[in-house]
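Student: I have a model open on my screen and would like to talk through its confidence and its charged side chains. Shall we start?

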Amino acid sequence: MAVNPRPEESGPGGPEAEEVPLRGYAVLSGAYVTATALFALGFRRSGGTLPARVPPWDVLLLGAATYKASRLLAKDKITSLVRAPFTRRTGTISASEVMDEPRGHGLRLATGELLACPFCLAAWVGTSLACGYAVAPRATRLAACGLSAVTISDWLQYAWSITQERAEG
């Protein structure tokens, strides 16, 4: 079931631009819930124990890693091969990031919306990192540390670019 809430107001993109792929959303939501439930069930059956607490620094580390991994998946030129079946390129944001828009109908459109949106992907990535943290905290911290280092590097690159523009202008 796809809904076009206001067919009389279809914009330049036509009906596809206004389609709300409810069935696609339901499938993706179901996949997320099912994967999370299967992880929890498997973890419980394995006899694993959850951490008694997660230190604030680990939350910050996982948060920065979630941010970077979500942006890499949704905006990086190199990962466009993952998005290509579901999106089309509409522009370039910066030297390394691109803007893609979802294409197709139904599940394909819903998947394109998910893959083109770092905010949407963050829930999936954050949950994956949290599951990794429960199973293999040291390995997950190491991976998160690498992604967080890239995040800090990106911010420093932008800060340098702004400083250089101000000095020259």
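Student: What does the pLDDT of the chain average?

Tutor: Happy to help! This is a predicted model, where local features need pLDDT of at least 70 and side-chain atom pairs count only at pLDDT 80 or more, while totals for chains, interfaces and linings use all residues. Residues are numbered from 1 along each chain as its sequence is written, and side-chain values use heavy atoms, leaving out hydrogens and water. pLDDT is the predictor's confidence in each residue, from 0 to 100; 90% of the residues score at least 70, and the chain average is 91.

Student: Over which residues does pLDDT stay under 50?

Tutor: Where pLDDT is low, the predicted coordinates should not be read in detail. The stretch in question has 8 contacts beyond four places in sequence (contact means heavy atoms within 4.5 Å), and it covers residues 5–11.

Student: E19 is buried yet has no salt bridge, so which side chain of opposite charge is nearest?

Tutor: Buried means under 20% relative accessible area, exposed over 50%, and partly exposed in between, with a 1.4 Å probe and protein chains only. A salt bridge needs a side-chain nitrogen of Lys or Arg within 4 Å of a carboxyl oxygen of Asp or Glu. For E19, the nearest candidate is 9.6 Å away, and that is R23.

Student: Which side chain forms a salt bridge with D154?

Tutor: D154 is partly exposed at 23% relative accessible area, and its partner is buried at 8%. D154 sits in helix α7 and the partner in helix α3, 86 residues apart. Their N to O distance is 2.2 Å, and the partner is K68.

Terms used: Lys and Arg count as positive and Asp and Glu as negative; His and the chain ends are not counted. Helices (H or I, at least four residues) and strands (E, at least two) are DSSP runs, numbered from the N terminus.
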